[in-house]
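Q: I am new to this structure. Please take one part of it and look at it closely.

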Amino acid sequence: MKFSSPSPIRVNLARKLIARMIVWRIFLSLLGILVSTTILRAQQPAAAAADKQTLQLLLQRIDQLEARVKQLEAAKQQTAPVSLPPAPPKRVRLPQVETELQTDNAVN
């Protein structure tokens, strides 16, 4: 069985067809990417507005907490008792027996 080789015109036609198919696939892929990024970009302003709202709520909460801390510190200073200076530490006397033993060891 012998197969005849395709004519050069058919080979050229097949190459052009394959090239066009590849170009269309690339074109459609790029178009899909463009559409999806446009859709994603359109969603960002809503997210940015939500972020701004969250930021404002957090700043208000910080202000409330700072006011509460000032209030508690003021109440603590008003109710704090006057502190006396610390008493000097008491000296502990060693029993006489131990000091005698130490002097006997020092002499030997």
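A: What follows is a close look at one aromatic pair and its surroundings. The model is predicted.

Begin with the whole chain. Its secondary structure comes to 2 helices and 0 strands. Of its 108 residues, 0% count as buried. The accessible surface comes to about 11400 Å². Carbon and sulfur atoms hold 64% of that surface.

Now the pair. The count of aromatic pairs comes to 1. Its partners are Trp24 and Phe27. Their ring centres are 5.6 Å apart, and the planes stand at 90° to each other. An angle over 60 degrees counts as edge-to-face, so this pair is edge-to-face.

Where do Trp24 and Phe27 sit? Both belong to helix H1, which covers residues 8-79. They are separated by about one helical turn, because they are 3 residues apart in that helix.

How open are the two residues? Trp24 has 53% relative accessibility and therefore counts as exposed. Phe27 is at 43%, so Phe27 counts as partly exposed. The cut-off explains the split: exposed means over 50%.

The pair also belongs to something wider. Trp24 and Phe27 help make a nonpolar surface patch of about 710 Å². The other members are Leu28, Leu31, Leu34, Val35 and Ile39.

Take Leu31 as one of these members. Leu31 is found in helix H1. Its relative accessible area is 39%, so Leu31 is partly exposed.

To sum up, Trp24 and Phe27 form an edge-to-face pair, and both rings' residues are part of the nonpolar patch.

How values were computed: Residues numbered from 1 in each chain as written. Predicted model: local features only at pLDDT ≥ 70, side-chain atom pairs only at ≥ 80, totals over all residues. Heavy atoms only, no water. Phe/Tyr/Trp six-rings, centres within 6.5 Å; stacked < 30°, edge-to-face > 60°. Helix = DSSP H or I, 4+ residues; strand = E, 2+ residues; numbered from the N terminus. Buried < 20%, exposed > 50% of the residue type's maximum accessible area, 1.4 Å probe, protein only. Areas by Shrake-Rupley, 256 points an atom, 1.4 Å probe, with all protein chains shown as cover. Patch = residues over 30% accessible without salt bridge, like charges linked within 9 Å, V, L, I, M, F, W, Y side chains within 5 Å. Salt bridge = Lys/Arg side-chain N within 4 Å of Asp/Glu carboxyl O.
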